[in-house]
Amino acid sequence: MTTEKTIDGTATEMPSPAAPRRSRRGWIVGAIAAPLAFGAVGLSLAQNSGVTLTPIAPVTVSQLAPSAAIAAKGEVVEIFGNKFILQDGSGRALVETGKQGEGGTLVTKGEAVTVQGRFENGFLHAALLTRADGKTVVLGPARGPKPGGLDWAKDKVGLGPEIDAPALTAKVEAAGYSDIRVTGRGPRHLDMAAKGQDSRERLLHVGFDGDIREKRSF
């Protein structure tokens, strides 16, 4: 026996709940990033997003001076969270390592390291850490586009903008700058340290389109 009733002999299909609308941008990001999950062949993660920082010859700690690109080599003698003291025969310097150094496990006491970065307000803000065995650790803000965006997704599958660092360096030189060093990368630009015609060092914002702007002087 059944308790079901049929009303006027007609069955009516209940509408399914409407699926949430997905933004077109989100759909595009997902479509571009999808090949990563399935092992897209021939698309390198660092194909366009990787930019090599210009190696800087280290100076002694006592020679550290305000600069957008400078390096020092020494021994880790004290660690304070994401900061540590670098010491050589000439003195000590306080090194700041950002989020990656939080917890105090990035380096160990007694370790020999070379630190490359920006020296400002008495701190060496590390961008690159080189260990005694030659292994390097890139520090500071994430290089390239912020994760999750369209530019980031394009970079991940090798569809990001072509970055011709030598050509951009040549443009900076043609604009009257010298001693040019690549210090980092933004979503659509490179950060470069260079000396102006007055011999003062500048931190430059160099767009992938060749546009050059001075961010600050040292």
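In the predicted model, strand 8 (residues 189-195) pairs with strand 9 (residues 201-207). The two strands are antiparallel, and 7 bridges link them. One contact in this ladder involves His189, whose bridge partner in strand 9 is Gly207.

Strands 8 and 9 belong to an open sheet of 4 strands. The order is 7-8-9-10, and the pairing is antiparallel. Strand 7 (178-185) and strand 10 (212-217) form the edges, each pairing on one side only. Neighbouring strands of the sheet are turned against each other by 30 degrees on average, direction ignored. Helix 3 (residues 165-174) packs on this sheet. The helix touches strand 7, strand 8, strand 9 and strand 10. Its direction makes about 40 degrees with that of strand 8.

Other strands pair elsewhere along the chain. Strand 2 (residues 83-88) and strand 3 (residues 91-96) run antiparallel and are joined by 6 bridges. A hairpin of 2 residues connects strand 2 to strand 3. Within this pair, Phe84 stands opposite Val95 of strand 3. Strand 3 also pairs with strand 5, here in the parallel sense, through 3 bridges. Leu94 has Phe123 as its bridge partner in strand 5.

Strand 5 covers residues 123-131 and includes Ala126. Is Ala126 buried or exposed? Its relative accessible area is 8%. Ala126 therefore counts as buried, the cut-off being under 20%. The C-alpha atom of Ala126 lies 9.8 Å from that of Lys83. Along the chain, these two residues are 43 residues apart.

Lys83 also appears in the lining of the largest cavity. How many cavities of 30 Å³ or more does the structure hold? The search gives 1 cavity of that size. A volume of about 50 Å³ was computed for the largest cavity. Its lining consists of Ile79, Gly81, Asn82, Lys83, Phe84, Thr97, Gly101, Gly104, Thr105, Leu106 and Val107. By class, 4 of the lining residues are nonpolar, 6 are polar and 1 is charged. Phe84 thus has two roles in this description: this residue lines the largest cavity, and it stands opposite Val95 in strand 3.

Note on methods:
Residues are numbered from 1 along each chain as its sequence is written. This is a predicted model: local features need pLDDT of at least 70, side-chain atom pairs count only at pLDDT 80 or more; totals for chains, interfaces and linings use all residues. Side-chain values use heavy atoms; hydrogens and water are left out. Buried means under 20% relative accessible area, exposed over 50%, partly exposed in between (1.4 Å probe, protein chains only). On a 1 Å grid over the protein atoms alone, a cavity is a set of points where a 1.4 Å probe fits but cannot get out, and a pocket is an open set with protein on both sides within 12 Å along at least five of seven lines; lining residues have an atom within 4 Å of a point. Grid points are joined across faces, edges and corners, and a volume is the space filled by probe spheres set on the points. Ala, Val, Leu, Ile, Met, Phe, Trp, Tyr, Cys and Pro count as nonpolar, Asp, Glu, Lys and Arg as charged, and the others, Gly among them, as polar. Two strands pair if DSSP finds at least two bridges between them. Axes are lines fitted to C-alpha atoms, for helices over the stretch in contact, and angles run from 0 to 180 degrees between N-to-C directions. Contact means heavy atoms within 4.5 Å.
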